[in-house]
Amino acid sequence: MIVLALDTSGVDCSACVYDSTFDRVLGEVCETIGKGHAERLMAVIDGALEQAQLSLQNVERIAVTIGPGSFTGIRVGVAAARGFALSLGVEAVGVTTLETLALHHLLANPGRPVAVALDAKRGEAYLQTFGADGSPLRDAALLSLDDARTATSCFDGVVIGSAAPLLAGSEAGSGPDHFPVASVAFAAARKPAGQPKPSPLYLRGPDARPQTGFALARQGVA
């Protein structure tokens with residue numbers, strides 16, 4: 001199966017073409033841009049397809065990171081994935097950023113459970129634990145750093161992610177998380193058919209708030 005995987009949930013804009021039959025990455029492009037994913041995503045996808053020497057018509061499944069992460073970036077990726085899936089008549093599959101990092105770690109370091117902790121700022125962390133086989137042990141949650149420390153204090157595994165230093169007592173996290181898009185493809189290829197359509201995983205409400213006090217008075221019609 002040919003999988004096209006997308007990641008726009010963080011500072012990277014990435015695409016990967018993966019052949020699950022032969023377990024091979026055929027093409028991969030990753031640009032660390034911070035913002036502006038909507039403007040760069042199509043070019044990044046074209047670059048990955050060009051490396052793979054394939055066209056969109058060869059793609060049999062779309063994969064996309066669904067968060068937690070950047071509100072705007074997640075919307076860009078999910079909308080693109082669902083649009084491609086609809087136009088190509090293939091399935092789109094959502095993969096969380098926490099699942100992506102867990103799988104990436106376990107592929108290189110098998111044998112022990114892993115807790116993924118992402119720095120959510122404001123004294124909070126996104127946290128989820130996974131077994132040694134990659135299966136989730138608990139649902140993803142947004143926790144205070146104190147609660148996250150408590151949750152991982154007796155965890156018999158490895159803690160990874162940008163919030164790991166914070167949970168270990170450091171005053172700063174390790175910087176922006178990067179979600180390897182090849183691992184997004186691996187994760188999506190392992191999922192059985194019939195997955196729900198991808199939708200954003202937002203564990204925190206949006207920062208934007210409706211403005212008040214600036215409404216114009218409605219004028220009467222003569």
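The exercises below, each with a worked solution, concern the predicted model shown above.

In this predicted model, local features need pLDDT of at least 70 and side-chain atom pairs count only at pLDDT 80 or more, whereas totals for chains, interfaces and linings use all residues. Residues are numbered from 1 along each chain as its sequence is written, and side-chain values use heavy atoms, with hydrogens and water left out.

**Exercise 1. Describe the overall dimensions and make-up of the protein chain.**

Step 1. Begin with the secondary structure, taken as DSSP runs numbered from the N terminus (helices: H or I, at least four residues; strands: E, at least two); the protein chain has six helices and nine strands.

Step 2. Turn to the radius of gyration, which is taken over C-alpha atoms and compared with a globule rule of 2.2 Å times the number of residues to the power 0.38. Because a compact globule of 222 residues would have a value near 17 Å, the 19 Å of the protein chain agrees with the rule. The C-alpha trace spans about 70 × 50 × 30 Å along its principal axes.

Step 3. Consider burial, where buried means under 20% relative accessible area, exposed over 50%, and partly exposed in between (1.4 Å probe, protein chains only); of the 222 residues, 45% count as buried.

Step 4. Finish with contacts, meaning heavy atoms within 4.5 Å: among those with a separation of 6 or more, 62% are between residues 24 or more positions apart.

**Exercise 2. Identify the largest nonpolar core and the elements that build it.**

Step 1. A nonpolar core is a set of buried Ala, Val, Leu, Ile, Met, Phe, Trp, Tyr and Cys residues joined through side-chain atoms within 4.5 Å. In soluble globular proteins, nonpolar side chains tend to be buried together.

Step 2. The largest such core has 27 residues, and those with the most contacts inside it are Leu4, Leu6, Ala15, Val17, Leu41, Ile45 and Ile62.

Step 3. At least two residues of this core come from each of strand E1 (2–7), strand E2 (12–19), strand E3 (24–32), helix H1 (37–52), strand E4 (61–65) and helix H2 (71–88), with H2 giving the largest share, seven residues.

Step 4. Apart from its neighbours within four places in sequence, valine 17 is in contact with eleven residues' worth of partners that include Ile2, Leu4, Val25, Ala48 and Leu54.

Step 5. A second, separate core of 16 residues includes Ala63, Val95, Ala182 and Ala188.

**Exercise 3. Locate the unusual backbone geometries in the loops.**

Step 1. Glycine 67 and proline 68 are joined by a cis peptide bond, with omega about 0 degrees, and proline 68 lies in the loop between E4 and H2.

Step 2. Glutamine 53, a residue other than glycine, has a positive phi near 55 degrees; glutamine 53 is placed in the loop between H1 and E4 and is exposed, with a relative accessible area of 73%.

Step 3. Arginine 122, likewise not a glycine, has a positive phi of about 55 degrees. Arginine 122 sits in the loop between strand E6 (114–119) and strand E7 (124–130), and its relative accessible area of 55% makes it exposed.

**Exercise 4. Work out the surroundings of aspartate 19.**

Step 1. Aspartate 19 is found in strand E2 and, at 12% relative accessibility, counts as buried.

Step 2. Not counting residues up to four places away in sequence, aspartate 19 touches Met1, Ile2, Arg24 and Leu26.

Step 3. Although 167 residues separate aspartate 19 and phenylalanine 186 in sequence, their C-alpha atoms are 9.3 Å apart in space.
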